[in-house]
Amino acid sequence: MSDERVALTTGANSGIGLATALELARRGMRSVGTVRSRAKAAVVSDAAESMGLTIETAILDVTDADSCERVVRKYCPTVVVNNAGFSVTGAVEDIGDEEARAALETMVVGPMRLARLALPHMREVRDGRIINVSSIYGRATTPLTGWYQASKHALEGVSDALRAEVAGDGIKVVLVEPGFVRTGIWAEVDDELEGRANSGFAPSYQRLLANTRMAGPIMTDPAKVADVIARAICSRNPRARYLVGCDAQVIAGLRTWVPTQVWDRVARTLLDL
C-alpha cells in the first residue's frame, strides 16, 4: 500500500482498534486512529511512538453525525475500519430501550454512516476498503448477550447489502469475525453485571462470568485480528468474511450442523437457565 492511502480506524485507543492502527502504520499507510477524548488520543500516540511509528489521531464519536462528517471530510479515507463498540451483556428482559439504542447506534448506524460518508471519495478514485469488525456472534446467538449479538447480526446484514451495491465501483466490503479476543471488553462485562446483581438472572450471570474466565487461555491476541484486517485491506480480492480464532471456527461449525433445539439446550445448561 502506498503512503497516500489513508486508513481510518475507529475505537483506536485499545484492543483490536489500537493493534489495527499500529499494524496499518507499520505497513506504510497513513494511519488515523479515532477516539472519543484527548486522553485516549494520548494513549494512541504514546503506543505509536514506543514502536517508532506515526499514527494521527482524531476525536470522533461514531454516534454523532456532525463529528463523523467532519473527520471524513478532513481525511478523505480510502480505508475505513469500523471497530468501535462495547459490551452489552444482559438478558433481553434486563436491557432497557436506551441501552439497546446505544448499542445499535454505536455498532450498526455509526459504522454505516462512516461508510456512507467515505463512499463518494472511494468511488471517485475507484478504490476503497470498508472493514467492519463483527464477531462470531454475528453468526451465532447465545443467551444473555442478545442485544450485542443483535447489533452484530445487523452489521453483517447491512454489510452484505453494501458489498454488492459498491462492488462495481472497485470498493470492497469485508466482515472480520473474531471469537474471544483478549481485550478490555471483559472488564466491561464484570462492571455491567455488578449493576445487575438484583436481577432474577444473577446466578446465570455468575455462570457466564465463570465460563468467560475459563476461556482466557484460548483467547486470541488483538494483534492477530489486526493482521487479518491488514491482509484483507492489502488483498486484491479479499474474502467477504474472515473468521479469526480457533473458537470462532468451532462455533461457526457447530452452529451450522447442531440442531437449534440441541444448541439451546446446551446453552441453557452451561448458563444455568
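Begin by selecting R126, which in this predicted model lies in the loop between α4 and β5, the latter spanning 128–133. The phi angle of R126 is near 50°, a positive value in a residue other than glycine. Most residues other than glycine have a negative phi. A second stop of this kind is D272, where phi is near 55° and so again positive in a residue other than glycine. D272 belongs to the segment after α10, the helix that covers 260–270, and with a relative accessibility of 44% it counts as partly exposed.

Now go back to the helix that precedes the loop of R126, and display α4 (residues 97–125) together with α5 (residues 146–166). These two helices pack at an angle of about 15°, and their axes are 8 Å apart. Because angles under 35 degrees count as roughly parallel, α4 is described as roughly parallel to α5. If you turn the view so that one helix lies in front of the other, the crossing of α4 and α5 to look for is a right-handed one.

To see which side chains make up this contact, select on the α4 side A100, A103, L104, M107, V108, P111, M112, A115, L119 and R123. Their partners in α5 are W147, Y148, S151, K152, A154, L155, V158, S159, L162 and V166.

From that set, centre the view on S151, which is placed in helix α5. Is S151 buried or exposed? Its relative accessibility is 0%, and it therefore counts as buried. Leaving aside residues up to four places away in sequence, S151 touches A103, L104, M107 and V108, and these four residues are listed among those of α4 that meet α5.

The next selection is a pair of rings, F201 and Y205, whose centres are 6.4 Å apart and whose planes stand at 35°. Rings pair if their centres lie within 6.5 Å, while planes under 30 degrees apart would count as stacked and those over 60 as edge-to-face, so the arrangement of F201 and Y205 is a tilted one. By this rule the count comes to one aromatic pair. When you show the surface, F201 is partly exposed, with a relative accessible area of 24%, whereas Y205 is buried, with a relative accessible area of 1%.

Finish the tour at R255 and W263, where the charged end of R255 sits over the ring of W263, at 4.8 Å from the centre of that ring.

Definitions and conventions:
Residues numbered from 1 in each chain as written. Predicted model: local features only at pLDDT ≥ 70, side-chain atom pairs only at ≥ 80, totals over all residues. Heavy atoms only, no water. Phe/Tyr/Trp six-rings, centres within 6.5 Å; stacked < 30°, edge-to-face > 60°. Buried < 20%, exposed > 50% of the residue type's maximum accessible area, 1.4 Å probe, protein only. Lys NZ or Arg CZ within 6 Å of the ring centre and 35° of its normal. Axes fitted to C-alpha atoms, helices over the stretch in contact; angles between N-to-C directions. Parallel < 35°, antiparallel > 145°, perpendicular 65-115°, else oblique. Left-handed = near helix turned anticlockwise from the far one by under 90°. Contact = heavy atoms within 4.5 Å.
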